[in-house]
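These are my notebook entries on one chain, written while I went through its elements and a few chosen residues. I kept them in the order in which I looked things up.

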Amino acid sequence: MAASRKKHNLVIVESPAKVKTIKKFLGSSYEVAASNGHVRDLPKSKMGIDIENDYEPKYITIRGKGELLAGLRKLVKKADRVYLATDPDREGEAISWHLIAALNLEDAKDKQISRITFNEITKKAVTQSLKNARELDMNLVDAQQTRRILDRMVGYEISPLLWEKVKRGLSAGRVQSVALRMIGDREDEINSFIPQEYWTLDASLKVKGITKPLTAHYYGSIEEDGRAVRRELQTQEETMRIVNGLEGGTFSIREVRRSERTRKSPLPFTTSTLQQEASKVLNFSTQKTMRVAQQLYEGVEIKGQGTVALITYLRTDSIRISDEAQAAAAAFIGENYGEEYLLQKEKEEKKGGKVQDAHEAIRPTDVTRLPASVRESLSREQYRLYQLIWKRFVASRMSAARYETTQLRIAGMPAVPSGIGGQMFTVSASRLVFEGFQKVYIEDEEEQTASISREIDENSELTLESFDPRQHYTQPLPHYTEATLVRALEEQGIGRPSTYAPTITTILARRYIVKEEKNLYMTELGEVVNNIMKQAFPTIVNPLFTANMEALLDGIAEGEVRWKTVIENFYPDLHEAVLEAEKTLEKVKIADEETEEVCENCGRHMVIKYGPHGKFLACPGFPECHNTRPYYEKIGVACPKCGKDIIVRMTKKGRRYYGCMGNPECDFMVWQKPSEKKCPRCGSIMLEKGNRLVCADKECGYIEKRADSPEPGDGGSPAED
């Protein structure tokens, strides 16, 4: 009797890097091949959506994928069963769907087609996924397909409008336009921010019998019934009234409160928190973080072990940890740090929105694989990111840190009646008594570790040594960084883990924003595009609308919303808005404006063009005449240092500022537009901030309303505002 033929299986993954890692887990009856990502997409030359035929998308094979697909078809012919093992998210589900179409798998009646997913590329996870093979989830496919079609509609409807009204090569995107608006709104807040004066007052107090003095911070006034009322010191006058009133007065401790507080261990990483922490700790961009994490997920060649996947799937908004990983972490922590370091109660997930596809958090595939043990096999970037992920995961499974805290409430009483009454000061300190998770992972260095001597109590004698009054000004919100923009997008429910890095990368590449020392700044081009989008497409750039669209996509993924209904409700309004904008929007002249400047080579009037670093003058006779020179946009204000004209300048990355035409001999520069007016208090130049003029000298802090302000009133000072 002839032996039965051994069945042949084909596993198709996305990345060639996974092939080697997965092959070693499977026997000789398995072939592993890669699709190299997407194999079909909408055409680049047109929208590719049949508006008249129920919004049916028209997919084509991606250019250059023909030979790859031909190779995959040959492998399919030899296989009895095909496993589609693309990434475990909506995009991966959609790629599997496209593979079914591109490889004609629907017509292969003699073959079994299955979908498998695994959160980590380990032998156990891969073999387990084969046992739990399933059919394709069309709800997930439709959710991703809807996202792609929505993004295509926004891009292909609005981008040509930007080409017509501004310049060719620009683009608009459903999520990128919202991100751009958020950056613009933050800059508007910063530019219109008016600093408010306030004061702090510290008292240095000598405690009898103790060498080190106490530094007590002003809290507020003491009422007749003994209650302390919180009070902010707004001016130098009121601050000095307290200083003068308490000089020679008495100080006594009213209350000593000692307690213990805990600091909970951090949650394991999601995509968003990994990008934020990698930015803060490693100075990685979001794009770099995702690139290096992808390498760690797909597998790295480890000496003596072959190709090893070091972390779980990197695109996730879940903090869930599998029971197996939890047990392994507990065993590792108990053995290496002691049972007292174990987290006693599992964390509860606190998220406002729904978690996509119930993934796990980002963690090491094997907690016993210490960063130091693989350091020689990793690049510096890979090692630093793996170490960060490993430490964060281990710390998330550990007990809280405990601190002993002490708070003193100190009453200061005037020696003679002065009209100010009693004043309350406070001293707070904490001392680490059990490090818990901080044995492995320190989130920041701001934690106080000083303590107040236990000898100090309500009977301790205090003597005033000195006062330290200090003037401050309130500060505006900081500029967005990549990390804080990701956090803001996530908090508002805009985009998904897979979209954060590409969104930021796109608006940087389009030069709508620039990055300087981590901060993101709007360029002149970005301002033009943002203003057009806000004027003509207020719904598209509305964060609430975009967040609601994400909720609808979640509904599609769960089978609760019909995907074409979302498209049907979206496109007509978008198309109508585009038609209206074509009629009402004027062409924005950020380039090719003719000037009075004459080309010294051919005598033509030079024109303003817009380049990567802003405006410049060019001869319109190009290509016959190649003459260019810098464009100096004067604002009609003289430099306070040398008297030459102040002009609009651009940093190398495209951020606008105001500097002296005499640069580099004169180094005057400011970020806000200077006015002709001088500060009446110190003589410095005044800067325009919204409807106010603010002294350029921050130490002076003088503010007044602009003469052309619509608000009533004139004159001013920090106290008035």
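**Entry 1: a helix pair.** Working on a predicted model, I began with the residues through which helix 6 and helix 15 touch: Ser177, Leu180, Arg181, Gly184, Asp185 and Asp188 in helix 6 meet Gly526, Val529, Asn530, Met533 and Lys534 in helix 15. Sorting this contact by class, I noted 3 nonpolar, 4 polar and 4 charged residues. I then looked up the geometry, since two packed helices are described by the angle between their axes and the distance between the axes. The axes of helix 6, which covers residues 174-192, and helix 15, which covers residues 524-536, come within 10 Å and cross at roughly 110 degrees. Angles from 65 to 115 degrees count as roughly perpendicular, so I recorded helix 6 as roughly perpendicular to helix 15.

**Entry 2: a parallel sheet and its helices.** Next I followed an open sheet of 4 strands, whose order is 2-1-7-8 and whose pairing is parallel. Strand 2 (30-34) and strand 8 are the edge strands, each of them pairing on one side only, and the twist from one strand to the next averages 20 degrees. For strand 1 (residues 9-13) and strand 2, which run parallel, I found 5 bridges; asparagine 9 has tyrosine 30 in strand 2 as its bridge partner.

I also asked which strands the helices lie across. Helix 2 (residues 66-78) lies across strand 1, strand 2 and strand 7 (81-84), and runs at about 165 degrees to strand 2. Helix 3 (residues 90-102) lies across strand 1, strand 7 and strand 8, and runs at about 165 degrees to strand 8.

**Entry 3: serine 114.** Staying with this sheet, I looked at serine 114, which is placed in strand 8 (residues 112-115). Is serine 114 buried or exposed? Its relative accessible area is 5%, and because buried means under 20%, I entered serine 114 as buried. Leaving out residues up to four places away in sequence, serine 114 touches Arg81, Val82, Tyr83, Leu84, Ala133 and Arg134.

**Entry 4: antiparallel pairings.** I turned to a second open sheet of 4 strands, in the order 24-25-26-27, where the pairing is antiparallel. Here the edge strands, each pairing on one side only, are strand 24 (633-638) and strand 27 (669-670). Strand 25 (residues 645-650) is joined to the antiparallel strand 26 (residues 656-660) by 5 bridges, and the bridge partner of isoleucine 646 is cysteine 660 in strand 26.

I also looked up strand 18 (residues 513-516) and strand 19 (residues 519-522), which pair in the antiparallel sense over 4 bridges, with isoleucine 513 opposite methionine 522 in strand 19. The hairpin of these two strands has 2 residues between them, and in this hairpin glutamate 517 takes a positive phi near 50 degrees.

**Entry 5: two more buried residues.** Threonine 426 is in strand 16 (residues 423-434), and I recorded threonine 426 as buried because its relative accessibility is 13%. Apart from neighbours within four places in sequence, threonine 426 is in contact with Thr215, Ala216, His217, Tyr219, Leu408 and Arg409.

Glutamine 672, by contrast, is in a loop, the one between strand 27 and strand 28 (674-678). At 16% relative accessibility glutamine 672 also counts as buried. Which residues does glutamine 672 touch, not counting residues up to four places away in sequence? I listed Asn191, Tyr658, Leu687, Glu688 and Lys689. I also checked glutamine 672 against proline 43: the two are 629 residues apart in sequence and 45 Å apart in space, C-alpha to C-alpha.

**Entry 6: confidence.** I closed with the pLDDT, whose mean over the chain is 89, with 93% of the residues reaching 70 or more. Among the elements, helix 12 (residues 380-396) has the highest mean, 97, and strand 22 (residues 614-618) the lowest, 79. Over residues 347-357 the pLDDT is below 50, and this stretch has 27 contacts in the model beyond near neighbours in sequence. Over residues 710-721 the pLDDT stays under 50, and there the model has 26 contacts beyond four places in sequence.

Key. Residues numbered from 1 in each chain as written. Predicted model: local features only at pLDDT ≥ 70, side-chain atom pairs only at ≥ 80, totals over all residues. Heavy atoms only, no water. Axes fitted to C-alpha atoms, helices over the stretch in contact; angles between N-to-C directions. Parallel < 35°, antiparallel > 145°, perpendicular 65-115°, else oblique. Contact = heavy atoms within 4.5 Å. Nonpolar A, V, L, I, M, F, W, Y, C, P; charged D, E, K, R; others polar. Pairing = 2+ DSSP bridges. Buried < 20%, exposed > 50% of the residue type's maximum accessible area, 1.4 Å probe, protein only. pLDDT = per-residue confidence, 0-100.
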